[in-house]
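User: I'd like to go through this one by asking how you know what you say about it. Can we start with the terms and then move on to the residues?

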Amino acid sequence: MFFNSIDFFIFLLIVFLLYWLVVYKNLKFQNVLIVIASYIFYGWWDWRFLSLIALSTIVDYIVGFRVYETRNLLFKKRWLWVSIVFNLGLLGFFKYYNFFIESWVDLFSSVGYEFQSTRTLQVILPVGISFYTFQTLSYSIDIYRGKLKPTRDFIAFAAFVSFFPQLVAGPIERATNLVPQFLHKRTFTYKTFSYGIKLMIWGFFLKLVVADRAAIYVNAVYNNVDNHDGLTFIAATILFAFQIYGDFAGYSLIAIGVSKLFGFELMTNFKRPYFSASVSEFWTRWHISLSTWFRDYLYIPLGGNRVGKFRWLFNLFITFLISGLWHGSNWTFVVWGALNGLYLTLEILVFKKKRKGLINVLFTFVLINFSWIFFRANSIENAFYIIKKVFTSPGHLYIGSGDDITASLYATLAIAILLVVEMKKEYFNTIFSISNNKSELIRLIGYAVLIYMILYFGVFGKSQFIYFQF
Amino acid sequence: MDKTNLKTTLKLIVCILLATFILDKVIYFTFNFLSDKVLSGQAIGKLNHYIITKDTIDVVAFGNSRTNRHINTQKISSSGFNMGVDGTSIAYSATLIKMLPKNKEQIIIVNVDTKNAFKDSYSGDDVNRLNVRYHRDKIIKREIDNVNLDDYIQKFYWSKGYNGKVLGILKNVFIPKYDYRTYYGYDPIYVNDTQKQIFQNYLKYSDPEVDCLDSYTMNSLYRYYLKEMKVFCEENKKKLILITAPLYRDSCKEDNSKFTKILKEIDIEYYDYSDLFIENNLMKYWKDEIHLSNEGAEVFSDTLQELLVTPL
């Protein structure tokens with residue numbers, strides 16, 4: 001079920017009414033309702049993969065107890081490995097099996113050895129597998145580290161694993177934040193509800209207007225690289241920067257907004273990333289739930305920055321390389337991750353002081369855009385072709401025709417609105433004043449304006465969120 | 001949920017819905033007023049132009065960009081009109097045909113791409129391009145409802161029909177793209193040097209692929225629209241002719257032959273010009289593999305003129 005579909009709105013309304021009007025007196029029933037709703041939400045795509053979520057829930061529920069109750073450190077560790085191997089095994093099989101087999105075959109054929117037969121599988125990637133496996137892993141690891149006690153309430157735990165607003169594309173919640181929320185009574189407040197609605201409306205604006213309008217031009221260029229030149233690739237890449245931001249930040253805001261409707265607080269996932277003055281700052285503002293996950297469960301266990309400089313830089317680089325691979329089983333993502341790792345290591349080596357100012361913001365934006373070329377390109381060859389064209393053949397700027405021009409105009413207008421709103425918050429620490437005005441009438445007008453902008457400028461249809469593929 | 005919270009929440013929801021509903025109607029009628037003045041541009045202007053001239057024209061061509069760019073209806077009749085619109089297909093054409101005057105002799109040319117007729121995925125959603133008039137035209141409303149593409153949002157917010165068209169309307173109200181009185185819907189492509197170079201490079205580096213489908217069962221919706229057009233035309237003294245415009249290279253002919261056979265069975269006149277230039281395929285006739293240049297379009301229009309004018 002897509003957030004941007006009528007099915008979802010009907011589903012949300014039914015679940016919301018049942019949650020607050022029928023089962024509101026009983027915490028257990030509320031959690032049961034969340035589990036059922038989440039399984040329906042996920043099963044809407046492919047009910048067969050519900051078994052994976054169920055299995056992941058059962059395994060980590062049991063492992064959580066075993067890790068907590070076992071006194072012997074060695075056995076404790078073994079139980080933790082059960083969770084790690086199971087969750088990463090699922091991910092590895094469904095997401096990376098074919099990628100590694102094909103890459104292996106390519107590697108051998110590049111040195112002249114041809115395999116007679118290779119066993120690749122027709123595996124469908126289960127939606128959101130990268131997200132919920134990381135979330136359940138955090139539960140077992142946090143228990144192992146003594147940060148969390150396992151919950152005895154299986155339903156609450158199942159609700160934590162499958163919580164529908166963030167099940168398929170995050171934010172990747174920590175068990176320490178989300179599990180306790182399922183164990184305590186939620187209360188409905190008008191303030192939280194209206195704030196949730198506001199976040200959802202802004203999220204839909206980011207997705208339907210910014211991202212989906214920009215996508216029309218981006219796809220026209222990136223899917224036909226042979227027909228375009230450098231200037232066009234620069235324009236398409238800048239638009240892609242806002243497309244992916246609008247798409248993913250939009251999804252996260254909708255997820256956070258929907259969670260608020262049910263009385264849950266999820267973590268912030270984006271904090272105006274394109275106002276970062278360095279790449280390291282960018283990664284504290286972009287996909288925060290994943291960056292901090294990698295920081296806490298990979299970078300720090302590797303030694304973080306409390307080691308020698310060379311090892312520190314290696315830790316950083318390897319964390320980003322793996323983060324790239326997490327995004328997708330394609331070499332374009334691996335290079336994208338490596339490039340970001342390289343940026344960070346170079347920043348540490350070259351810049352000694354914290355960077356500030358507009359020039360650094362622009363410079364960081366250029367670096368990030370350069371890495372987006374690899375993220376968006378359909379293949380590594382395409383990415384290098386685009387880079388070559390950018391530096392050697394500026395050519396003419398492709399404007400498109402008919403609907404393409406309109407789409408680019410709407411995208412530009414929407415990006416301008418987004419930048420004004422974010423700039424206000426970034427530099428003046430005030431948020432969009434109309435929708436936060438004390439007067440209810442003005443707030444109402446603020447909501448209405450946003451809704452109408454979505455109606456007139458948004459792209460309707462069932463366009464998928466980019467991060468669903470990860 | 002306590003009663004105070006429930007009351008305030010319901011108040012918020014009702015207020016938002018009510019305010020946006022009322023405002024929507026105000027905006028909708030304002031946009032109607034403005035858009036009726038628009039007679040230039042592809043999204044709204046061409047449709048408005050068609051609506052005001054449909055009763056007086058005697059030749060009209062329907063289809064996608066390969067109609068719009070390829071058929072100079074003025075060569076066939078001085079009262080000809082080209083109603084080809086980018087990205088549209090048979091549902092869009094059939095709906096517009098049903099809006100033509102009853103019992104008036106007219107020649108209807110529908111340009112079709114034969115492969116599209118055999119695509120399972122075709123859902124008739126191109127008729128949604130007419131949704132700007134959903135609440136104003138019974139035929140359009142019926143046809144959109146008929147393909148089951150219910151847009152619940154538009155049923156509540158009528159002005160959603162203007163999605164993606166607002167800037168175009170405003171622009172064309174104040175600065176019309178062209179003088180509609182001298183426009184007949186035909187937009188030939190004047191190919192520039194860069195476009196020529198791009199096409200030459202494309203031909204140089206791309207391999208011609210045999211692009212055949214796995215099976216050739218006509219999409220049921222497509223067949224339905226063919227029959228609907230036929231019935232309407234027969235009942236209203238119109239001559240219906242289906243054609244396929246030239247292609248630079250059409251590597252798979254199975255769809256053409258199957259389509260020809262089906263149209264013969266359902267008794268619709270059909271002419272396949274996909275190989276029109278096969279004997280004399282000059283680069284100057286082409287913008288790309290599927291679009292003719294203005295020179296190619298003129299040659300093709302002459303061919304249609306010979307077909308249609310001579311026997312009538």
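Analyst: Sure. A helix here is a DSSP run of H or I with at least four residues, and helices are numbered from the N terminus. Keep in mind that this is a predicted model.

User: What makes the place of B:Ile44 a helix?

Analyst: B:Ile44 sits in H2 of chain B, which covers residues 41-53. A run needs at least four residues to count as a helix, and the run from 41 to 53 passes that. For the whole of chain B, the tally is eleven helices and five strands.

User: Why is B:Ile44 called buried?

Analyst: Its relative accessible area is 7%. The cut-off for buried is under 20%, so B:Ile44 with its 7% makes the grade.

User: Which residues is B:Ile44 in contact with, leaving aside its neighbours within four places in sequence?

Analyst: The list is B:Ser35, B:Val38, B:Val132, B:Tyr162, B:Lys165 and B:Ile169. Take B:Ile169: in sequence B:Ile44 and B:Ile169 are 125 residues apart, while their C-alpha atoms are 7.3 Å apart in space. Contact asks for heavy atoms within 4.5 Å, so the C-alpha distance isn't what decides it.

User: Is B:Ser293 buried or exposed, and how do you know?

Analyst: Buried. B:Ser293 has 2% relative accessibility, and anything under 20% counts as buried. It lies in a loop, the one between strand E5 (269-272) and helix H11 (294-309) of chain B. Leaving out residues up to four places away in sequence, B:Ser293 touches B:Ile189, B:Val191, B:Lys284, B:Tyr285, B:Trp286 and B:Lys287. Across chain B, buried residues come to 51% of the 312.

User: Now the charged pairs. What makes A:Arg48 and A:Asp46 a salt bridge?

Analyst: The closest N and O atoms of A:Arg48 and A:Asp46 are 2.6 Å apart. The rule wants a side-chain nitrogen of Lys or Arg within 4 Å of a carboxyl oxygen of Asp or Glu, so the pair at 2.6 Å qualifies. The two partners fall into separate classes: A:Arg48 is partly exposed at 45%, whereas A:Asp46 is buried at 15%.

User: How do you know that B:Glu143 and B:Arg142 meet in a salt bridge?

Analyst: Their N to O distance is 3.8 Å. The limit is 4 Å, so the pair at 3.8 Å is in. B:Glu143 is buried, with 2% relative accessible area, while B:Arg142 at 48% is partly exposed. There is also a network of salt bridges that share partners, joining B:Lys115, B:Asp250, B:Lys253, B:Asp255 and B:Asp275.

User: Why is the pair of B:Asp302 and B:Lys75 said to link distant parts of the chain?

Analyst: B:Asp302 is in helix H11 of chain B, and B:Lys75 is in the loop between helix H3 (65-68) and strand E2 (80-82), 227 residues apart. Their closest N and O atoms, though, are 2.8 Å apart. Being partly exposed takes a value between the 20% and 50% cut-offs, so B:Asp302 at 33% fits that class, and so does B:Lys75 at 27%. Over all chains, the search finds 33 salt bridges.

User: How many salt bridges are there between chain B and chain A?

Analyst: Zero. Between these two chains there are, however, ten residue pairs in polar contact, both residues at pLDDT 80 or more. Helices H1 (3-35), H6 (152-156), H7 (166-174) and H8 (193-205) of chain B each supply at least two residues of the side that touches chain A. H1(B) gives the most, with 16 residues. That side of chain B divides into 18 nonpolar, nine polar and five charged residues.

User: What makes up the area that chain B and chain A bury between them?

Analyst: It comes to about 2600 Å², with 72% on carbon and sulfur atoms. Buried area is summed over both parts, so the figure of about 2600 Å² covers chain A as well as chain B. In residues, 32 of chain B are in contact with 28 of chain A.

Definitions and conventions:
Residues are numbered from 1 along each chain as its sequence is written. Chains are lettered from A and ligands numbered from 1 in the order in which they are written. This is a predicted model: local features need pLDDT of at least 70, side-chain atom pairs count only at pLDDT 80 or more; totals for chains, interfaces and linings use all residues. Side-chain values use heavy atoms; hydrogens and water are left out. Buried area is the accessible area (1.4 Å probe) that two parts lose on being put together, summed over both. A polar contact is a pair of N or O atoms within 3.5 Å; within protein, one must be able to donate a hydrogen and the other to accept it, and residues adjacent in sequence count only if both atoms are side-chain atoms. Ala, Val, Leu, Ile, Met, Phe, Trp, Tyr, Cys and Pro count as nonpolar, Asp, Glu, Lys and Arg as charged, and the others, Gly among them, as polar. Buried means under 20% relative accessible area, exposed over 50%, partly exposed in between (1.4 Å probe, protein chains only).
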